[in-house]
Amino acid sequence: MAAGGVGLIIGSSSNDSEASDARLFHLCDFTAFQRLPCARASTLMTGWEVRPSNRAQERRLRVALVVLLIALPLAFYAGNWWQARANQGQAQAFTAMQGQVEEQARELDELRQRMAVLSSGEQLAQQSNEQSRQTIKLLEEQNFKQQQELAFYKGVLAPDSKVNGLLIRSFDIHATETPGLYRFKLMLSRIGKDDKPLQGRLNVQLEGSLNGKAKNLPLSQLSGDLPDGSTDKAIPFAFKHLQAIPDGGRLGELRIPEGFAPKRIRIKADVEGGKAVERQIEWTDG
């Protein structure tokens, strides 16, 4: 920059050397360009001209860079804040739904206890018994729907689970007023962040003893409330979040042969494209 404070850009001019010399000598009257004598500068710089640089454009570029550097972290933190708010809303919905499921489970237990007390009395009315059964059925259907939604929220709130695949949630057994006749429900669900449907086959065996000798009975020989295509060693399943066997909110019926003493239920699930899952559940007459 010259002493006069003017930024200089040097570029070639026209072929008119006399005009160039005139302009150069004019500058020499006011500045000391690169500390050279004016005569020498005229000799060296013939054919060049001086142009002022565009400082306004440079300032705009620097401002744009500063704005960009500030906007990037702000966008990152805004995204994190939005994700945290979304997870908080899902967690609240999950907590409320879990409370409803627990409350309905308590109501079911109370009704079952009431039916057990009434069935032991000699003056049990058939109408009252049927009404209790219908109420239990309705509550079980509602509870099943709530469990479906609960399984979905568990998958949403735990996307980073290290375990992925099938979960054998429960095998519920309920005694009836008829000896040897039970009601049951098998619940399957998924865990992990994968959202692909799960399908495969179940092998459900009732282990126990018959007339003092160890014996295993497949579930298909004890109940007719199984999915189509079920065999002694394979019960098909296919679901995305949750599946009950039998399906819907109803309970299946299971009849134990006379003289058979059940001890436990052994369930093995072979998942297509995944690891096999096995669970053992002790038998209860609850």
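# A tour from strand β5 outward

Start with strand β5, which gives the most to the lining of the largest cavity, with 3 residues. Strands here are DSSP runs of E with at least two residues, and helices are runs of H or I with at least four, numbered from the N terminus. This is a predicted model, in which local features need pLDDT of at least 70, side-chain atom pairs count only at pLDDT 80 or more, and totals for chains, interfaces and linings use all residues. Residues are numbered from 1 along each chain as its sequence is written, and side-chain values use heavy atoms, without hydrogens and water.

**The cavity.** Select Phe171, Val204, Gln205, Leu206, Leu219, Leu222, Leu254, Ile265 and Trp283, which line the largest cavity. A cavity is a set of points on a 1 Å grid over the protein atoms alone where a 1.4 Å probe fits but cannot get out; lining residues have an atom within 4 Å of a point. The largest cavity holds about 30 Å³ of space.

**The partner strand.** Next, show β5 (residues 198-210) with β7: the two pair in the antiparallel sense over 5 bridges. Pairing requires that DSSP finds at least two bridges between the strands. Find Gln199, and opposite stands Ala238 in β7. Now step along β7 (residues 235-239). Which side chains are buried? Ile235, Phe237 and Phe239 point to one face and are buried, while Pro236 and Ala238 point to the other and are not. Buried means under 20% relative accessible area, exposed over 50%, and partly exposed in between (1.4 Å probe, protein chains only).

**Salt bridges.** Return to β5 and select Arg201 and Glu272, whose side chains meet in a salt bridge (3.7 Å, N to O). Glu272 is in the loop between β10 (260-271) and β11 (277-282), 71 residues from Arg201. A salt bridge is a side-chain nitrogen of Lys or Arg within 4 Å of a carboxyl oxygen of Asp or Glu.

Then select Arg264 and Glu207, joined by a salt bridge of 3.2 Å, N to O. Arg264 lies in β10 and Glu207 in β5, so this pair ties together parts that are 57 residues apart in sequence. Glu207 counts as buried, at 11% relative accessibility, and Arg264 is partly exposed at 25%. Arg264 also forms a salt bridge with Glu282, with the closest N and O atoms 3.8 Å apart. Add Arg266 and Glu278 to see the network of salt bridges that links Glu207, Arg264, Arg266, Glu278 and Glu282.

**Last stop.** Move to helix α3 (residues 55-120) and select Leu74. Leu74 counts as exposed because its relative accessibility is 55%.

How values were computed. 1 Å grid on protein atoms, 1.4 Å probe; cavity = no way out; pocket = protein on both sides within 12 Å on 5 of 7 lines; lining within 4 Å. Points joined across faces, edges and corners; volume = space filled by probe spheres on them.
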